[in-house]
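Please walk through this protein from a single side chain outwards to the fold as a whole. The sequence and the model are shown first, and the explanation follows.

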Amino acid sequence: MNVPQHIAIILDGNGRWAKAKGMPRNYGHAQGSKNVEKICETAYKMGVKYLTVYAFSTENWNRPQSEVDALMTLLRNYMKTCLKTAEKNRMKVRVIGDITRLDEHIRTRILELEEASKNNDGLNFQIAINYGSRDEMVRAMRKMMQDCRDGKLEPEDVTEELFSSYLDTAGIPDPDLLIRTSGELRLSNYLLWQLAYTEFYFTDVPWPDFSKEELEKAILQYNNRDRRYGKIKEE
């Protein structure tokens with residue numbers, strides 16, 4: 001089976017999963033967080049080299065304050081857990097998104113995690129936190145404009161490759177497969193530039209129930225796709 005080099009996942013359905021079980025939404029987020037660790041290990045054992053997950057979007061700040069506060073607490077705790085997991089499984093962890101809005105404690109944890117895991121040779125694990133693709137591209141353009149102003153860059157120097165180097169995902173290959181759980185059929189401002197040639201897989205399974213078997217189903221369907229990238233299919 002041809003395993004995608006890079007899989008991106010939108011972790012959707014935690015709150016609805018919890019509600020269906022008569023539990024508060026925060027319970028679903030906690031269980032979803034635990035499932036990230038399982039899928040990281042499963043994906044790496046299957047041969048996936050890069051895994052990028054959508055943990056907290058720029059739009060998530062609009063949720064009820066109690067839920068945002070609970071998510072931030074969960075994020076703080078997850079940074080500790082992820083540090084241990086990265087050491088155990090040799091994961092190289094990188095956070096994408098604008099972390100300046102996060103509190104100082106979380107920012108410090110993120111920097112510690114990235115520094116501690118930077119030389120690991122296992123799964124390359126990207127976590128999108130306070131991430132929105134439009135925001136990412138606006139921030140990239142601001143950096144490019146500043147470099148133009150400073151004389152480091154001329155407008156005619158701009159290419160797709162150069163623009164990509166200003167994005168949060170610089171140096172990371174574009175995803176081969178995007179998975180979105182829990183039945184929603186939209187991208188929700190996630191990796192819009194990077195997903196230009198990515199295969200999409202949508203499933204009704206909520207994220208806390210997304211298992212090794214579900215990941216295998218997604219990869220099997222990926223294998224049945226015609227990956228031509230605009231080229232003429234050979235008969």
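Two residues are taken to be in contact when heavy atoms of theirs lie within 4.5 Å. In this model, which is predicted rather than determined by experiment, and with neighbours within four places in sequence left aside, Asp-135 is in contact with Thr-58 and Asp-98. Asp-135 itself belongs to helix 5, which covers residues 133-149. Since buried is reserved for values under 20% and exposed for values over 50%, the relative accessibility of 27% computed for Asp-135 is the reason why this residue counts as partly exposed. Arg-109 stands 26 residues away from Asp-135 along the chain, and the C-alpha atoms of the two are separated by 23 Å.

From this one acidic residue we can turn to the charges of the protein taken together. There are 35 positive and 36 negative side chains, and the centres of these two sets lie 6 Å apart. The area that the protein exposes comes to about 12700 Å², of which carbon and sulfur atoms supply 48%.

The interior comes next. Of the 235 residues, 46% count as buried. In soluble globular proteins, nonpolar side chains tend to be buried together. Here the largest nonpolar core has 42 residues, and the members that touch the most others are Ile-7, Ile-9, Phe-125, Ile-127, Ile-129, Ile-179 and Leu-215. Helix 3, spanning residues 65-89, contributes eight residues to this core, which is the largest share. Apart from this core lies another one, made up of ten residues, including Ile-10, Ile-96, Leu-178 and Tyr-190.

Leu-215 shows what such a position looks like in detail: once its neighbours within four places in sequence are set aside, this residue is in contact with Ile-7, Ile-39, Thr-42, Ala-43, Met-46, Ile-179 and Phe-210. For the protein as a whole, among contacts with a separation of 6 or more, 76% join residues that are 24 or more positions apart.

What remains is the overall architecture. Seven helices and six strands make up the secondary structure, and along the sequence they follow the pattern β-α-α-β-α-β-α-β-α-α-β-β-α. The radius of gyration is 18 Å, close to the 18 Å that the globule rule gives for 235 residues, and the protein is therefore as compact as a globular protein of that length. Along the principal axes, the C-alpha trace spans about 60 × 55 × 35 Å.

How values were computed:
Residues are numbered from 1 along each chain as its sequence is written. This is a predicted model: local features need pLDDT of at least 70, side-chain atom pairs count only at pLDDT 80 or more; totals for chains, interfaces and linings use all residues. Side-chain values use heavy atoms; hydrogens and water are left out. A nonpolar core is a set of buried Ala, Val, Leu, Ile, Met, Phe, Trp, Tyr and Cys residues joined through side-chain atoms within 4.5 Å. Buried means under 20% relative accessible area, exposed over 50%, partly exposed in between (1.4 Å probe, protein chains only). Helices (H or I, at least four residues) and strands (E, at least two) are DSSP runs, numbered from the N terminus. The radius of gyration is taken over C-alpha atoms; the globule rule is 2.2 Å times the number of residues to the power 0.38. Accessible areas come from the Shrake-Rupley method with a 1.4 Å probe; for residues, only the protein chains shown count as cover. Lys and Arg count as positive and Asp and Glu as negative; His and the chain ends are not counted. The place of a charge is taken as NZ of Lys, CZ of Arg, CG of Asp or CD of Glu.
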